[in-house]
Amino acid sequence: MLEAPILIVDDREENVALLRSILEHAGHTSLHTTTDSSRAVELFEQVHPELVLLDLHMPEPDGFAILRQLEALTGPDDYLPVFVITAELDEHARQEALSLGAKDFITKPVNATEMVLRMRNLLHARLLHTRERQMNETLERKVAERTRELEEAQFEILDRLALVGDFRDDATGQHARRVATSAMLVARSIGLPAGQANLYRWAAGLHDIGKIAIPDSILLKPGPLTVDEFEEVKMHTQIGAQVLSGSRFPILELARLIAFTHHERWDGRGYMGMAGEDIPLPGRIVAVCDVFDALVHERPYKHAWRVEDALAEIDRQRGKMFEPRVADAFLALPRAVHCTVRRAA
Ligand SMILES: [Fe+2]
């Protein structure tokens, strides 16, 4: 506490000398003084004092003006002890000084012992306040760290769950991730807020999670499916939605919506016959990304299309399979993204 920087502002040289000698005698080692009140704030910003000894009656700026300036410089959470040393003060002036942030008074001529003891109290209060603030900051940092870790764990679990789904019917095991990445880019490009669009990066990967309940004999069948088999494949949207339903977390609710509606078509000829804007936007977005990815990769029942041919198909299906705005956003993604999707095979 004795090393704490202390700033003394008093326009009279002899007062400054007296205060300096009292404080030095009491063991304080970091004293900064000025008799020019116009330099007080500048000095304050240089030395960052733990306590300010301030005279009120000085040529402009007087002590009240300096209190106002210090008040503006210190944050609402700061505790800056300003110790006012002055001649007799009327009640109004005392109240004004207190309201401007003065923490204690002592009248001239000062009693050295009393002044030093009161200063110690103020420095102690400042120390406790600083410790409390540091503890709060450490706590806030730890909470933020833990929250980030939990969020990362949540994302990683979703990503790995998507991988589980992919192992059923995708040779690369990367279909879900590719669709999720392009869905996030489309969501951003059509103007969804970044926080919401970023959820697609994880939620869209679960679009086919319902396929875990579809038998291999159907899922991996090289030839065309019978009507019954196709009806069974169609169940994967409802099974996926069931698996993901009932969560209070927005990311899982988004995943449910995507799993349920990603095979709907803008023209109403999809799995459940929803059409146009009745199809939730997440389903409309993932529909385009899913079809493109399926086209450019080999499947048991088809060869891989060239990127240009797949893009032309997306364009042809604009307004039929896909919402025009979403198809346009997908087609307008940087060429590198379409090709990255292809190369990931
Ligand atoms: Fe699907």
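User: In this predicted model, is Leu331 buried, exposed or partly exposed?

Analyst: Let's count its surroundings: Leu331 has 17 other C-beta atoms within 10 Å. Buried takes 20 or more and exposed takes 12 or fewer. So with 17, Leu331 comes out as partly exposed.

User: Which residues does Leu331 touch, leaving aside neighbours within four places in sequence?

Analyst: Start with where it sits: Leu331 is found in helix H13. Ile314 is 17 residues away from Leu331 in sequence, yet their C-alpha atoms are 7.7 Å apart in space. Ile314 is on the contact list, and the full set is Leu311, Ile314 and Asp315.

User: OK, zooming out. Which residues touch the most other members of the largest nonpolar core?

Analyst: That core has 42 residues. Helices H5 (112–169), H6 (175–189), H7 (194–203), H10 (250–261), H11 (281–296), H12 (307–316) and H13 (324–331) each put in at least two of them. The ones touching the most other members are Ala183, Val186, Ala203, Ala255, Val288 and Cys289.

User: What does Cys289 touch, not counting residues up to four places away in sequence?

Analyst: Cys289 is one of the residues with the most contacts to other core members. Setting aside residues up to four places away, its partners are Val179, Ser182, Ala183, Val186 and Phe330.

User: How many residues are in the second, separate core?

Analyst: This one includes Leu54, Ile66, Leu67 and Val82. The count for this second core is 25 residues.

User: Now the sheet. Which strands stand at its edges?

Analyst: The sheet is open, with five strands in the order S2-S1-S3-S4-S5 and parallel pairing. From strand to strand, the twist averages 20°. An edge strand here has a single partner, so one of its sides has no neighbour in the sheet; that goes for S2 (31–34) and S5 (102–107).

User: Which residue in S3 stands opposite Ile8?

Analyst: Strand S1 (residues 6–9) and strand S3 (residues 51–54) run parallel and are joined by four bridges. Across from Ile8, the residue in S3 is Leu53.

User: At about what angle does H5 run to S5?

Analyst: H5 lies across three strands of the sheet, namely S3, S4 (82–86) and S5. Its direction relative to S5 is about 175°.

User: Last one: what distance separates the centres of domain 1 and domain 2?

Analyst: The domain assignment gives domain 1 as 6–140 and domain 2 as 170–343. Taking the centres over C-alpha atoms, the separation is 67 Å.

Conventions:
Residues are numbered from 1 along each chain as its sequence is written. This is a predicted model: local features need pLDDT of at least 70, side-chain atom pairs count only at pLDDT 80 or more; totals for chains, interfaces and linings use all residues. Domain bounds come from an automatic or database domain assignment. A nonpolar core is a set of buried Ala, Val, Leu, Ile, Met, Phe, Trp, Tyr and Cys residues joined through C-beta atoms within 7 Å. Helices (H or I, at least four residues) and strands (E, at least two) are DSSP runs, numbered from the N terminus. Two residues are in contact if their C-beta atoms, placed from the backbone, lie within 7 Å. Two strands pair if DSSP finds at least two bridges between them. Axes are lines fitted to C-alpha atoms, for helices over the stretch in contact, and angles run from 0 to 180 degrees between N-to-C directions.
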